[in-house]
Every structure is written in C-alpha cells, then in structure tokens.
Amino acid sequence: MLSRLFAPKVKVSAHCDLPCGVYDPAQARIEAESVKAVQEKMAGNDDVHFQARATVIKEQRAELAKHHVSVLWSDYFKPPHFEKYPELHQLVNDALKALSAAKASKDPATGQKALDYIAQIDKIFWETKKA
C-alpha cells in the first residue's frame, strides 16, 4: 500500500542532466584556442617574466578545455551516441591527452592538435543535436 502511495505518478526521461542548450563544445574550443595563442606568443618573447605569466595562463586554459571536454563526455553523450559513434570514447581520450600535451608544451602544434580533436567532437556533437 505504501509503495503505491509513494510510487511516481509520471515517468519522464531526458538525454541530458539539464534542458538542452547548456552543453556546447565551443567552450572547449575557445579555451584551446587560447592555449594555442599563448603558445604562439611565447615563441616570440624571451622575457622570463612574460614566459612565467604565459605558462600559468596556458596551463589554466588547458585545464578548462579538459574540463569542458570531460563534461561533454560524462554528462551530454549517452549510450545511444556511443553506439552510433563508436570512435567517440577514443576521440575524447585523444582530445584530453592532446590538451595535456599542450598544457606541458610551448609548441603551438600541440595546441593545434588539441583543436583538431575538439573539432571532431564538435562535429559529432552537432550531428547528435539534429537527431
């Protein structure tokens, strides 16, 4: 009797934690673009104080980009997405590893590699939004 009294009256389902529109790979892309831009500026400036400040900013932006990619993976993408795009797990892992490499490097090529992975995630993300 009590179980019927407290049983849900309406069943609902959603594919994400909040109403759609709160997730967007653009956040990761913007942070990764900042990483690459800082790397490019570091290459043209030998001042040790500039290098120290730039390193801090680059590392912070890389961490933010990693956070945004991780949130997409853990909160937005669901089993049907992984079934349709079996490469998605590896792609997210590759993006996170590339962002870690960019965080530790002054080479803008590492920042570009991270951006390339994020672009692939972005493509899949928008395809899932059409479905």
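Me: What percentage of the 131 residues of the protein count as buried?
Reply: The model is a predicted one. A residue counts as buried when its relative accessible area is under 20%. Of the 131 residues in the protein, the share that meets this is 33%.

Me: How many helices and how many strands are in the protein?
Reply: Read along the sequence, the pattern is α-α-α-α-α-α. The protein accordingly has 6 helices, and its strands number 0.

Me: What share of the exposed area of the protein do carbon and sulfur atoms supply?
Reply: The protein exposes about 8,300 Å². Of that area, the part supplied by carbon and sulfur atoms is 59%.

Me: Among contacts between residues at least 6 apart in sequence, what percentage join residues at least 24 apart?
Reply: A contact here means heavy atoms within 4.5 Å. Taking contacts between residues at least 6 apart in sequence, the part that joins residues at least 24 apart is 74%.

Me: Is Q39 buried or exposed?
Reply: Q39 is found in helix α2, residues 26-43. Leaving out residues up to four places away in sequence, Q39 touches K58, A102, S105, K106, D107, P108, T110 and G111. Its relative accessible area is 0%, and the cut-off is under 20%, so Q39 is buried.

Me: How far does helix α3 reach from its first C-alpha to its last?
Reply: Helix α3 covers residues 48-76, which is 29 residues. At 1.5 Å a residue the expected span is 42 Å. The value in the model is close to that, at 41 Å.

Me: Which residue caps the N-terminal end of α3?
Reply: The cap involves the backbone nitrogen of H49. A side-chain oxygen lies 3.3 Å from that nitrogen, and the oxygen belongs to D47.

Me: Which helices are included in what covers the buried residues of α3?
Reply: The buried residues of α3 are Q51, A54, K58, A62, A65, K66, H68, V69, L72 and Y76. Their cover includes α2, α4 (79-84), α5 (88-103) and α6 (108-130).

Me: Which helix gives the most to the largest nonpolar core?
Reply: That core has 23 residues, and V69, L72, F77, L88, L99 and I121 touch the most other members. At least two residues come from each of α2, α3, α5 and α6. With 7 residues, the helix that gives the most is α6.

Me: Which residues is I121 in contact with, leaving aside neighbours within four places in sequence?
Reply: I121 is one of the residues that touch the most other members of the largest nonpolar core. With those neighbours left aside, its contacts are V69, L72, F77, L91, V92 and A95.

Key: Residues numbered from 1 in each chain as written. Predicted model: local features only at pLDDT ≥ 70, side-chain atom pairs only at ≥ 80, totals over all residues. Heavy atoms only, no water. Helix = DSSP H or I, 4+ residues; strand = E, 2+ residues; numbered from the N terminus. Buried < 20%, exposed > 50% of the residue type's maximum accessible area, 1.4 Å probe, protein only. Areas by Shrake-Rupley, 256 points an atom, 1.4 Å probe, with all protein chains shown as cover. Expected span 1.5 Å × (residues − 1). Polar contact = N/O pair within 3.5 Å; in protein donor to acceptor, adjacent residues only side chain to side chain. Core = buried A, V, L, I, M, F, W, Y, C linked by side-chain atoms within 4.5 Å.
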